[in-house]
Amino acid sequence: MAITEPTISRRGLARLGAAAATIAAVGAVKTAAAAETSGTIKVGILHSLSGTMAISETTLKDVMLMLIEQQNAKGGLLGKKLEAVVVDPASNWPLFAEKARQLISVDKCAATFGCWTSVSRKSVLPVFEELNSILFYPVQYEGQECSRNVFYTGAAPNQQAIPAVDYLMKENKVKRWVLAGTDYVYPRTTNQILEAYLIAKGVAKDDIMINYTPFGHSDWQNIVASIKKFGSAGKKTAVVSTINGDANVPFYKELGNQGLKATDIPVVAFSVGEEELAGIDTKPLLGHLAAWNYFQSVDTPINKTFIDAWHAYTKKPTRTTNDPMEAHFIGFNMWVKAVEAAGTTDSNAVIDAMLGVSVPNLSGGYSAMMPNHHITKPVLIGEIQADGQFNIVSQTPGLVVAQEWSPYVADTKDLIGDWRAPLHCGAFNVKTGHCTAGKKA
Amino acid sequence: MKLDRTAYLTLGLTIGIPLVLALLNQATPAGSALHVPTYVVALAGKYLCFAMLALAVDLVWGFAGILSLGHAAFFALGGYAMGMYLMRQIGARGVYGNAELPDFMVFLGWHELPWYWQGSQWFPFAVLMALIVPGALAMGFGWLAFRSRVTGVYLSIITQALTYALLLAFFRNDMGFGGNNGMTDFKDILGFNIQADSTRSALLVLSALCLCAQYLVARFVVRSRFGKVLIAVRDTESRTRFLGYRPEAYKLVVWTLSAVMAGIGGALYVPQVGIINPSEFAPGNSIEAVIWVAVGGRGTLSGAILGAVAVNFGKTWFTGVLPDYWLYALGALFIFVTLFLPKGIMGLFAKRPGKPVAILEAAK
Amino acid sequence: MGAADSSPAAPALLCLDNVMRRLLAFFLIAAVSLASAPSKADPVDDAVAALSSGSFDSVHEGVDELVASGSPRAAAIIGALQNGKLYFRPDHTLYIKQDDGTYVGALTGTPIDAGNVKPVRVNNTIRGAMDAALGALRLFSPETAARMTAAEAVFHAADPSALPALTKALEKETDPAVKTRMEQARAAVILASAESAEADRLAAVSVLRVRGDIDARGFLASLSDQPPAVAEAIAGALTAIDRAAQLWSVAQSIYYGLSLGSVLLLAAAGLAITFGVMGVINMAHGEMVMIGAYTTFAVQQFMHAHTPGMYGASLLFAVPLAFMVSGSIGIVIERTLIRWLYGRPLETLLATWGLSLVLQQAVRSIFGANNQDVDTPAWMSGATALGGLTLTWNRMYIILFSAVVLAGLMAALRYTSLGLRMRAVTQNRRMAAAMGIRTPWIDALTFGLGSGIAGMAGVALSQIDNVSPNLGQSYIIDSFMVVVFGGVGNLWGTTLGALTLGIVNKFLEPVAGAVVAKIVVLVLLILFIQRRPRGMFPLKGRAVES
């Protein structure tokens, strides 16, 4: 093989020049085109359509498109049509930040609905804060955040985990606990909170077993066996699962195969919804639980309308609905209401107008946007049924207000988030009276 | 050092375009037709950092015949070194307001900095770590591998094992590097606000300068006597050994050099994208780096730069324009290039007959 | 009742006239029978009312009351409730849905027009109560299997009130396995009851100690308030059970290691073939596995819709079909893509990586990005106990399947002419071509064979892992590790490599956790390659060097 690097010939130089010029021209035209379209209000959709998170996030893109279509059928917003701008950040966290920047500064989106994993949210957070735009985040998460530019329509730990544990303690008289999670921030924080909560309720430290596995862990033989062993100490045992995503399928399969029935050791999960169950044979899982703020099986007229519209839109009567979809439903309607109240899509005006906005949720009540940028939600506990739906066995009598700063983590127990005047602060320390972070400049 | 037409062109474009972009971003007001949005500046900086990684890969693959499927590990290690420095710079402005510990340590319940974080608050230390850590790992790994004469596919697979093991290790929250969330929410670098336009432009120009420097170094290496032996090792290792040279030593030197180059790329990458995360260690990233070099033209340093910029630009464009189908486009691109452009894009622009004169010339 | 003579009323009655005495007796008897007549139906009616109330607590009460009532319909009603076939109307009537969709009255068992009914819903607590109740009711069932499950359910429930029924059932029992189970249940019940004698308790503890499994241990550990001698016996039993469990856990780890190894082997075998014969690194190998898994899904969907009767055999149809689908796709890939890249193995790697992206996206577009539900047939579900080992059926079958596939592959390579030619090409391509072997054709078939095996691996993997477009990515790296570790082109090497990696991983896992175990395995692999740069069983020969 020759040693030389080929030098560019004159002809080659000309070709290279021509190619470069074309690309530059195309780029310029595209940028110009993007800047031109006024007359519509752009809504950004920042969900992964490929990669590991596509399984969960593609549905959210579809539901957003449906909601935008429905709003346009009602006449749009402020007299203009809504236009969806869809991008694919491909489960790549730096790409999330890049796409967020593109949606805001190039496409000039008035608001963005997106993200799923905490990493993706943390990666786009600086972009939204720097460019002062709005993000609606629909997924249950670990809390410990309260940004001025984000509206959190998913559950904080006290709107999901704590009521689930209370239910198990009361209903099944559970005395021994396995906290099994994927090794990342949401399960770690949730387990930290739960451990502190259980100990405060009198559970001995020996009666709590905490275990972490990597993403996508597929060989659960050992862990399920150790759960069985832990449960053979004579006290009623339950598993609180913050196992995320793909790993749930082999976990439940192994549970079923090793004969761990819900009547022996019930498993309550926080990241398993109708969408995830669609990929599992649920017959051996009868009776295992999940805690959410919404189930497809909720029996209300508004939910039925939503599900029918969804089936008509996707042309597939078997598509399931789940909690993050409801979160986008609530978030989108809140945004529309706030924009109408403010009369403009300008971020500052809309952010101020969002506080206190109240819209119907799909379980028959209303959800309100609180000053901490989180919404009030009911907590439902459901048992898995053979058809992949949930049988609702418990519901909080009222709505639960989110505690975005956990009282069980030493550094945040004195913090509150309140974006109303005069505080305007995401992390206000009530003891010292100082705003520690996220203060509006 | 002689610079031929290709080199001038490469250097010119690599310095020229970023300079123009930076100037237009800083000098023209927003809203004017000539204004380059900050978004483009950040993007260009990212492309240049990837180009550094591609250059590193081309150095070992195009000239030493080592196909590394784990080079992104060195890139990521350099990134983490810089990331640690940037995390320390946040100080008390983090979410938990803790001046000593980064946010993720507070939330994990740690009370003091682990020993391996000591010193990361100084910028020179961070730069040093970005050079030393990838270099040391490369040297250790390379010494073991080349000494045992692991070659070809086997070497490629164990480089993949290396990066995969690092991926798993850094994903663990217990490791103290931020776990799956990685490090983010950076505030400033060397006192400058990391999100300011001026900082971004400065970083872009700095990346361009580093890339040019690396290009020149690489060129120097491959055109020197050392480079000749290296190419001989690439083409027929046994024969070179029988001629009296020690291929292990040559491979080790260039392998370590390339790791350090990748580390520098990573260190400049992190302030520009604002996040470092274990998924940078993913084997897929390393394979993509190899694709960049293949697309640009393997064994032609300019090709590596060209390929990195072209493919990443394509990716940015496709994920915006065809969000549902861009993977088809990317996959098709890889297949097309390997089948029809074995010499990469540079092959299209090269002088038709590539005369093998370099040896004779150097001998004169 | 002879006691009437000594009752306080007797002197008064004796004072009355004889006729009056008889009249009073008659009225007394009539009054008593009138009072008792409705009470015979009361418990069942109460139970029905409770079951049709709609609240979980009352349903629970209803189940208990129904069992206590001794009604002959109790088993049928509770069985229907367990299967989700019990319905109610607000007017407190219960109905059972039959298989054909019609309803029968719950109490009468006769067909009836149900009208607007709602299902009776249960939760876990009720389910537990139902298992226990049915257990007690089915102790006398004519079927052995039913009696076995019943005895097990009674053991789990450990309800003292089941003792008389158990004793009676034990007397009648003839099957030795069921008899042992019933004795264990009786032992549990004795220990749970407050009135048992100490000698009985000690005997019960030793029965449970002999049973020695995890359920026995759990039960023994949950007992409290036992007399000191019994408590000591329980402690001794627990220690003995734990010690035995330790030994069994080593065997269990070996089993887990074998099952992981067999999965790795299936995934890597195809790669070993293509790698060995052609020197091609096929990065799209994982996608061949994925295609096999999706073929299984498609077969199941088809059989579900058109031939539901044969659904249990869906995997048997899926295996050859997956082989052919993946195999043909492999041949197509070889003919269109790989063959232009001969002699350039590293370019092949890149091209096949691009191909894997295209295939992933194609599957995502056709089937959607979500996981697809692939059912495990009944004969592959559950587990069996062998001493202290729990052997899950699906993994057992996968181990057997991989052994069969391996044997088949080796036989094909050794005894068929295609195998002979493949081996020739592996050892020395040029010489083989000179001998008249059509190497391009062999390459195509080899690639097809490797991909076909990957497809069959996909069928097996669909049973234990997600079926999603990302399935291939999770196994590609492990497959490469196995092939490199074992030595290219050598199936024994691949087998040994897979099993070793599996067992080492599984032994490290309980000690260090899943992640660290994996990292350690990777590091060990890197170090191993230093010692043996060509893997465990390298092919020898000069022509192989390139």
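How much area do chain A and chain C bury between them, and what share of it lies on carbon and sulfur atoms?

## The interface of chains A and C

In this predicted model, chain A and chain C together bury about 3700 Å², and carbon and sulfur atoms account for 43% of that area. On the side of chain A, the greatest losses of area to chain C fall on Gln221(A), Asn222(A) and Asn257(A), which together supply 17% of what that side buries. Expressed in residues, the interface brings 45 residues of chain A into contact with 49 residues of chain C.

## Chain A

The secondary structure of chain A consists of 12 helices and 17 strands. Its radius of gyration is 24 Å, close to the 22 Å expected from the globule rule for 441 residues, and chain A is therefore as compact as a globular protein of that length. Along the principal axes, the C-alpha atoms of chain A occupy a box of roughly 80 × 70 × 50 Å.

Of the 441 residues in chain A, 63% are buried. When contacts between residues at least 6 apart in sequence are considered, 65% of those in chain A join residues at least 24 apart. The exposed area of chain A is about 14600 Å², with 57% supplied by carbon and sulfur atoms. Chain A carries 40 positive and 40 negative side chains, and the centres of these two sets are 1 Å apart.

## Chain B

Chain B contains 15 helices and 4 strands. A compact globule of 364 residues would have a radius of gyration near 21 Å, and the value for chain B, 21 Å, agrees with this. The C-alpha trace of chain B spans about 65 × 55 × 40 Å along its principal axes.

In chain B, 61% of the 364 residues are buried. Among its contacts with a separation of 6 or more, 77% are between residues 24 or more positions apart. Chain B exposes about 13500 Å², of which carbon and sulfur atoms contribute 69%. The charged side chains of chain B comprise 26 positive and 16 negative ones, and the centres of the two sets are separated by 16 Å.

## Chain C

Chain C comprises 22 helices and 6 strands. The radius of gyration of chain C is 34 Å, well over the 24 Å given by the globule rule for 546 residues, so chain C is more spread out than a compact globule. The box filled by its C-alpha atoms, taken along the principal axes, is roughly 130 × 60 × 35 Å.

Buried residues amount to 48% of the 546 residues of chain C. For contacts in chain C between residues at least 6 apart in sequence, the share joining residues at least 24 apart is 68%. Chain C exposes about 25200 Å², and 64% of this area comes from carbon and sulfur atoms. It has 40 positive and 39 negative charges, whose mean positions are 17 Å apart.

## A loop residue of chain C

Arg438(C) is located in the loop between helix 17 (429–434) and helix 18 (439–461) of chain C. Is this residue buried or exposed? The relative accessibility of Arg438(C) is 59%, and because exposed residues are those over 50%, Arg438(C) counts as exposed. Arg438(C) is separated from Val425(C) by 13 residues in sequence, and their C-alpha atoms are 9.5 Å apart in space.

Notes: Residues numbered from 1 in each chain as written. Chains lettered and ligands numbered in written order. Heavy atoms only, no water. Helix = DSSP H or I, 4+ residues; strand = E, 2+ residues; numbered from the N terminus. Rg over C-alpha atoms; globule rule 2.2 N^0.38 Å. Buried < 20%, exposed > 50% of the residue type's maximum accessible area, 1.4 Å probe, protein only. Contact = heavy atoms within 4.5 Å. Areas by Shrake-Rupley, 256 points an atom, 1.4 Å probe, with all protein chains shown as cover. Lys, Arg positive; Asp, Glu negative; His and termini not counted. Charge placed at Lys NZ, Arg CZ, Asp CG, Glu CD. Buried area = accessible area lost by both parts, 1.4 Å probe.
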